[in-house]
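Here is a short tour of a helical packing problem, written for someone who likes to check contacts by eye. Have the viewer ready and follow along.

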Amino acid sequence: MISSLFVNKIKFTLVFIVFLLSDIFVKIYSNNLSYRFVSKPFILFSLIAFYYYNTRCNGRKVEKNVLLALLFFLLGDFAILNSMNNFFLFLSILFFAIGKVFFCLKFKNKEDFEYSRLFPFSLGIYIFVTFIISVIYKNLQSFFIPAMLTLFISLVMLNLAYLRKGQFSKWSYICVLMGCLLFVFVEGVNAISTFNKVLLFPYFLIMISYGVSVYLIVLGITLEGNKEAFLDNKT
C-alpha cells in the first residue's frame, strides 16, 4: 500500500504538494519554530522514499550518491531553520554544498563530450552567479569563502546536468536540468535575502521553488531508464 503510493508518480506528486504546502503554511502562519522541525523533514523524507521505491521497482541499483545528496539536503534544511545563528547558517551552507557534490558525482558523465557545446550555457550561468556575488559581496564577511565555494559547486552541478543530454531519456534530461536551473536561481535569490536582508520574492514563492527544484531533480533521476512519458500510469 505504502510502496504503491511512492511508485505511482501522479499519486506521489499530489502527496508531495501537500507536504510542501503544509510546511509553507507552518512557516508563514506559525510563530513556533519547533513546528517546522516536524513539517519540513517530510519533504526530503518523501523524496528519499520516492527515489528508493521507484529505483527498486524498475530493477535498478539504488545509488548511494543520490541518497547521500538528499540526506545532506535534509541536514541543510534542519540547519537553515536556525539561520539567524551564524553557526547554523554556516552548517546549512556546508550541508547543501556537500549534497551538491554528491549530485555532481551522480551526474558525472562517463562518456566523451564536446566542451564547445558547454560554453554558451556556462556563460549565461556565470553571468548570473557573478551578478549574485556582486550584490552580496560586501555583506559576506566571514562567509565569503563558504559562499564562493558553494556557488562554484552549483555551477559544476548545473554544467554536469546540462551534459547529461543524450545519455538518458528526454524526460529525465529535462526534469534534472530544469530542477538544477531552478535550484541555482532560488539559491541566488535566497543568498540576497540572507546577506542583504532584501526579500526579492515572497517566502511562499521561494519555498515553492526550492521544493519543486529538488522534486524535479529526483523525478528526473527516477526516469533515467524510462522512455515513456511521465503521465503513463505504468510508471
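## Around V214

Leaving aside residues up to four places away in sequence, V214 touches L44, L47, L70, F73 and F183. Keep in mind as you look that this is a predicted model.

V214 also stands out in the wider picture: together with F103 and F107, V214 touches the most other members of the largest nonpolar core, which has 59 residues. Helices that give two or more residues to this core are α2 (9-29), α4 (41-57), α5 (64-80), α6 (86-107), α7 (119-140), α8 (144-162), α9 and α10 (203-222). Which of them gives the most? That is α10, with ten residues.

There is a second core too, separate from this one and made of ten residues, with I132, I136, A147 and I192 among them.

## How α5 meets α10

Two packed helices are described by the angle between their axes and the distance between the axes. For α5 and α10, the angle is about 170 degrees and the axes lie 12 Å apart. Angles over 145 degrees count as roughly antiparallel, so α5 and α10 are roughly antiparallel to each other.

On the α5 side, the contact is made by V66, L70, F73 and D77, and on the α10 side by Y210, V214, V218 and I221. Sorted by type, the residues of this contact are seven nonpolar, no polar and one charged. An α-helix has 3.6 residues a turn, so residues three or four places apart point the same way.

## The length of α9

Does α9 come out straight or bent on a simple length check? Here is the arithmetic: α9 covers residues 170-196, and at 1.5 Å a residue its 27 residues should span 39 Å. The C-alpha atoms at its ends are 39 Å apart, which agrees with the expected span. Just after α9, K197 takes a positive phi of about 55 degrees.

## Two buried residues that are not nonpolar

R36 sits in helix α3 (residues 36-39). Is R36 buried or exposed? Buried means under 20% relative accessible area, and R36 is buried because its value is 8%. Not counting residues up to four places away in sequence, R36 touches D23, V26, K27, P41, L81 and M207.

T150, in helix α8, is buried as well, with a relative accessible area of 8%. With the sequence neighbours up to four places away left out, T150 touches I93, A97, K100 and E187. From T150 to S134 is 16 residues in sequence and 15 Å in space, C-alpha to C-alpha.

Conventions: Residues are numbered from 1 along each chain as its sequence is written. This is a predicted model: local features need pLDDT of at least 70, side-chain atom pairs count only at pLDDT 80 or more; totals for chains, interfaces and linings use all residues. Side-chain values use heavy atoms; hydrogens and water are left out. Helices (H or I, at least four residues) and strands (E, at least two) are DSSP runs, numbered from the N terminus. The expected span of a helix is 1.5 Å times one less than its number of residues. A nonpolar core is a set of buried Ala, Val, Leu, Ile, Met, Phe, Trp, Tyr and Cys residues joined through side-chain atoms within 4.5 Å. Buried means under 20% relative accessible area, exposed over 50%, partly exposed in between (1.4 Å probe, protein chains only). Contact means heavy atoms within 4.5 Å. Axes are lines fitted to C-alpha atoms, for helices over the stretch in contact, and angles run from 0 to 180 degrees between N-to-C directions. Angles under 35 degrees count as roughly parallel, over 145 as roughly antiparallel, 65 to 115 as roughly perpendicular and the rest as oblique. Ala, Val, Leu, Ile, Met, Phe, Trp, Tyr, Cys and Pro count as nonpolar, Asp, Glu, Lys and Arg as charged, and the others, Gly among them, as polar.
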